[in-house]
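Work through the exercises below with the sequence and the structure open. Try each task before you read its solution.

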Amino acid sequence: MKRTFIALGLTASLLAAAACQPGGGPGAGGGDKVKIGVFMSLTGSTAQFGISSTNGIKMAADEVNAAGGINGKQIELNVQDDRSDAQEAATIVTKFVTQDGVAGIIGEVASSRTIAAAPIAQNAKVPLLTPSSTNPDVTKKGDYIFRSCFIDPVQGAAMAQFAAKSLGKKRAALMVDRKNDYSTGLEKVINEVFPKLGGEVVITQSYQEGDTDFNGQLTSIKGSNPDVIFIPGYYGDVALIAKQARDKGITVPLVGGDGWDSAQLYTIGGQAVVGSYFTNHYSPYDTDPKVQKFVKDYQTRYGSIPDALAATAYDAAHIMFDAVKRANSLDGKAIRDALATTKDFPGVTGTVNFNENRDAVKPIMMIRVDDGGKYAIQERVVVEGAAMPTGTGGGANTNTNTNANTAATPGANTNAAGNANSGANTNANTNANANTGAANTKATP
Amino acid sequence: MPRYARNLAIALLLLAVLYALDYLVFDPGRRMISPYVARIIMLAGINITLAVSLNLINGFTGQFSIGHAGFMAVGAYSSAYFSVNYGKGIAEGMGDGALGWAVALLLATLLGALVAAAAGFLVGVPSLRLKGDYLAIVTLGFGQIIVVFLNNIESVGAARGYSGIPIVKSFFWIFLVAVLTIVSVHNMVRSAFGRALISIREDELAAEAMGVNTTRYKVAAFVISSALAGAGGVLLAHFDGYLNPKSFEFIKSFEILIMIILGGLGSIVGAVIGAIVLTVLPEALRGFAEYRMVIYSVMLIVLMITRPQGLLGGLDPFKGWRARNRAKTRTEAEEITAEDTRDKESVDKATLGERARDTSLGEGDTRS
């Protein structure tokens, strides 16, 4: 009996503790602090992404605070862990907007969790900015939801355009991970865009994550004689595919997406992946002084080279702080309007603008794998209007419709795309002799 | 007062209390409690439905099912599909008011429960003919299959998730389902049907020897448990208006399993408390930031060491109260004898299984 009472008592005290959590009502964000809510997966299946992102955001906040804060107010980050769970993400955002009175919310790597949380922020009219949720549905949840990274269809289009225009390839092979939404999504876009640009997808082969033998698929691919192979998958499988392809005597370049971004790609793949290309949000080897400073500061602080998620989150935080500063108010509507009018924000992942869907428009880095596993920036691809896949709201992209390579001649650096390109220019020049292919002959003035 | 009239009065009173709470406290327009606290209470309500329904199969029938999230997903997705394609039309046809949505949600709940029951039947019939751990393996497999299926069905959003489900966040509805689940499981366990289930848990061979058709009873319990899990899934689907296959992976099944193990297998009050504790605990510990999950885990471990049978495992929390009400002088041994005479008063008091545990296990003993 005594134990029953202890059990009941424990439950009651827990309920009481939850009910009495401190916090003001909505709009309690006044005073001399700017409260920003951050929800990330610090534990659970995507913990490593959430931790990188949170590191980037914390660093950005400390930078602004050290420089005197936003219009004299210090930033107070409220970082919460959602255990990689969509329901819990929604619970946290409910708490942010009703208990904590945050001025803005930055959150989630995974699209599923951002989508679950977005309607709550939208209803409360608190702007939410996601640094790395790439699902197009995310920003369709309402006009208070923003995204500071590219979406998957744009990435797929960039891959197709780079192969067709910059490398001048005509016959493509596709190697798709059937079980993976990310991979099949990119496949769809490549199939749509590559033929539009004068190419042809001659063969599609599939595999499943974790496969180790790709000889069957690669024999078929070799038989159809492609001049480029798209592998929109994750680095572990890609490295093995590359190795077996080279063993079979397939020497054509391989092109992939941000799933390739890992030091493991070269560790496993070795010489086989050298000379391949993949799209990414940023590169730590970018010679842009802004990026170099970010990489150096991050390394001093956390002891590791920042990955793409840390960089996109760092940018997202600065975009949010910049909007609060320009709004000069903690009112949700004012911050939302300031976010929407963000113009040419100079981030470490490129110059950021928002289109009418509140998705970031920025050049996509095409990374080249060099000897020794070094990643160099081949070029910054701005997807052309013609290459934009349907249903992605590509209208805003048509204004910067010059391919990075053609714009990268010294005299052409007048538009936004050209300015963003100065880093790529020097990089492509210094590495020009290290590669073959149409891209470099074009990029060298 | 005749028995049915009393029961009807209790039911009406319950409905009135739930509706009053919904109207007076949980109406967001009134700002009585923070939406954050309201959200946690409602999530606890959904978890109560799930935990109590799993307890029927794991706690009372003694079968080890670890695919509860799969049935939940079946109920959630089928009802969400219904609500998106037909529910909206039904609600709007009836004036788009509270009544229209109540009817639409009622239909969605019934449909979700039915489809989940059908899935439970499909899984249960072949696997429950076997004894031992096979059900665990089959249900684990079923949970995985459902997730793979959902990841590939384009019409419910595949891996991107299913959004645009009408949001009906109703305290009344969530707790009505929770209370119905508790009452029906409680009554079932105390009926001849429930006694057959408990006899299967205690000794399947002996139960069969006594004429219990074990397969039939196991399948029936499993189907009912699945249907109730489906109803829980329906509530979840309409809670945030967004579903993702990732939310129904085996980790979710284990969360529900932990709730009933923590509360005590075979105890309804235990399952309810387990569900509440496991919903509230992560939120209550939010102030500890990165140590939150460490503290959470340590608390679970300490609890399992000190009370391996769960918070309320192996005891009836109201037994003492009822005993005092009846006769203060009677000892527990006399009570059991009294039960055996099956006087009208004590028939509903203790079950076969509880008695078996009362005699074979002392408080604090572990089952080996």
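**Exercise 1. Confidence in chain A**

Over which residues from 393 onward in chain A does pLDDT stay under 50, and how many contacts beyond four places in sequence does the model have for them? Then place this stretch within the confidence of the whole chain.

Solution.
Step 1. This is a predicted model. Begin with its confidence values.
Step 2. The stretch is residues 393-445 of chain A, where pLDDT stays under 50. The model has 99 contacts beyond four places in sequence for these residues.
Step 3. Look for a second such stretch. Residues 18-29 of chain A also have pLDDT under 50 throughout, with 21 contacts beyond four places in sequence.
Step 4. Now compare elements. Helix H16 (residues 438-443) of chain A has the lowest confidence in the chain, at a mean of 33. Strand E4 (residues 128-130) of chain A has the highest, at 96.
Step 5. Take the whole chain. Chain A has a mean pLDDT of 80, and 79% of its residues reach 70 or more.

**Exercise 2. Two chains**

Describe chain A and chain B by their helices, strands, buried residues and contacts.

Solution.
Step 1. Count the elements. Chain A has 16 helices and 15 strands. Chain B has 15 helices and two strands.
Step 2. Check burial. Of the 445 residues in chain A, 56% are buried. In chain B, 48% of the 368 residues count as buried.
Step 3. Turn to contacts with a separation of 6 or more. In chain A, 68% of them join residues 24 or more positions apart. For chain B the share is 78%.
Step 4. Add the confidence of chain B. Its mean pLDDT is 83, and 84% of its residues reach 70 or more. Residues 355-368 of chain B stay under 50, and the model has 10 contacts beyond four places in sequence for them.

**Exercise 3. The contact between the chains**

Which elements of chain A give two or more residues to the side that touches chain B?

Solution.
Step 1. Size the contact. Chain A gives 28 residues and chain B gives 34 residues.
Step 2. Name the elements on the chain A side. They are helix H1 (2-19), strand E2 (74-81), helix H3 (86-100) and helix H4 (111-124) of chain A.
Step 3. Sort the residues of that side by type. There are 13 nonpolar, 11 polar and four charged.
Step 4. Note the scores for the complex. The predictor gives an ipTM of 0.78 and a pTM of 0.76.

**Exercise 4. Strand E1 and its partners**

Trace how strand E1 (residues 33-40) of chain A is paired, and decide whether it is enclosed or open.

Solution.
Step 1. Start with E2(A). E1(A) and E2(A) pair in the parallel sense over eight bridges. Lys35(A) stands opposite Glu76(A) in E2(A). Met40(A) has Asp81(A) of E2(A) as its bridge partner.
Step 2. Follow the chain between these strands. It leaves E1(A), passes through helix H2 (residues 47-66) of chain A and reaches E2(A). This β-α-β crossover is right-handed.
Step 3. Go to E3(A). E1(A) and E3(A) run parallel and are joined by four bridges. Here Ile36(A) has Gly104(A) as its bridge partner.
Step 4. Decide. Seven of the eight residues of E1(A) are buried, so E1(A) is largely enclosed by the rest of the structure.

**Exercise 5. One side of a helix**

Which residues of helix H12 (residues 332-340) of chain A are buried, and what do they pack against?

Solution.
Step 1. List them. Gly332(A), Ile335(A), Arg336(A), Ala338(A) and Leu339(A) are buried.
Step 2. Find their side. They cover an arc of only 165 degrees around the axis, so they lie on the same side of H12(A).
Step 3. Find their neighbours. The buried residues of H12(A) pack against strand E3 (104-107), E4, strand E5 (145-147) and helix H11 (308-327) of chain A.

**Exercise 6. Two loop residues with positive phi**

Are Ser84(A) and Asn328(A) buried or exposed?

Solution.
Step 1. Recall the background. Most residues other than glycine have a negative phi.
Step 2. Take Ser84(A), in the loop between E2 and H3 of chain A. Its phi is positive, about 55 degrees. Ser84(A) is buried because it has 24 C-beta neighbours inside 10 Å.
Step 3. Take Asn328(A), in the loop between H11 and H12 of chain A. Its phi is also positive, near 50 degrees. Asn328(A) is exposed because 12 other C-beta atoms lie within 10 Å.

Conventions: Residues are numbered from 1 along each chain as its sequence is written. Chains are lettered from A and ligands numbered from 1 in the order in which they are written. This is a predicted model: local features need pLDDT of at least 70, side-chain atom pairs count only at pLDDT 80 or more; totals for chains, interfaces and linings use all residues. Two residues are in contact if their C-beta atoms, placed from the backbone, lie within 7 Å. Ala, Val, Leu, Ile, Met, Phe, Trp, Tyr, Cys and Pro count as nonpolar, Asp, Glu, Lys and Arg as charged, and the others, Gly among them, as polar. pLDDT is the predictor's confidence in each residue, from 0 to 100. Two strands pair if DSSP finds at least two bridges between them. A crossover is right-handed if, with the strands pointing away from the viewer, the path from the first strand over the helix to the second runs clockwise. A residue is buried if 20 or more other C-beta atoms lie within 10 Å of its own, exposed if 12 or fewer, and partly exposed in between; C-beta atoms are placed from the backbone. The arc is that of the directions from the helix axis to the C-beta atoms.
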